[in-house]
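Thank you all for coming. Please look at the structure on the screen, and then I will take you through its pockets and one of its helices.

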Amino acid sequence: MTDDLTRPVALVGTDPGDAPPGLTAVTVRDGDRYGWAAAAADRLSEAAHVIAVGEDADGALSLAADHAGRVVSLVLVDPDVQPQDPEHLATMRRVGVPTLVIASAPTRDHPIEQAQSVAGGVDNGVFVIIDGAEAPTLVSRPASVIEWASAFMSIAEGLAETRDDLIITDQS
């Protein structure tokens, strides 16, 4: 997944589990989205591709909005957000980093409206449905998620060459 990338990849969440080879797991336990984002930013020593799953999407969006220098790209898998929440909407409007939203095929139990609202609510948002996948997508179709995320992160690295806000090394 990370062989072609020059920047690190971080799986960020309240319980990211063991990260696959080439990824760093960043565990964040702070409650609200802003505390979550600040804690994640503190744990990222340099700008990274950030992957978040499910309920960690709000914190990851805040990380991308408020600490953009730490985020090369954002990949959200089956984001669990409140599309009508004014705070969520305001956060999405501030996200400018390339963002990939991956969702399982829609079912009655797992509609795509939440994921679709994120991709449509951020600048540079891309939305992908993994056809035939059941939620959670990362469990039912991990190879597809990895392929989409890898390709997207490679493209985002090319775009990052024009950014002068990315943190290359820890400044503390």
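A pocket is found on a 1 Å grid over the protein atoms alone, as an open set of points where a 1.4 Å probe fits, with protein on both sides within 12 Å along at least five of seven lines, and its lining residues have an atom within 4 Å of a point. This is a predicted model, in which local features need pLDDT of at least 70 and side-chain atom pairs count only at pLDDT 80 or more, while totals for chains, interfaces and linings use all residues. Residues are numbered from 1 along each chain as its sequence is written, and side-chain values use heavy atoms, with hydrogens and water left out.

The largest pocket is lined by 26 residues, and Leu11, Pro16, Ile51, Val53 and Leu138 lie nearest its centre. Helix H6 gives the most to this lining, with 4 residues; helices here are DSSP runs of H or I with at least four residues, numbered from the N terminus.

Now, which residues of helix H3, residues 86–94, are buried? They are His88, Thr91 and Met92, where buried means under 20% relative accessible area, and exposed over 50%, with a 1.4 Å probe and protein chains only. Seen down the axis of H3, the buried residues fall within an arc of 100°, taken from the directions from the helix axis to the C-beta atoms, so they line one face of the helix. The face turned away from that buried side carries the exposed residues Pro86 and Arg93.

Finally, pLDDT is the predictor's confidence in each residue, from 0 to 100, and the protein averages 91, with 96% of the residues scoring at least 70.

Notes:
Helices (H or I, at least four residues) and strands (E, at least two) are DSSP runs, numbered from the N terminus.
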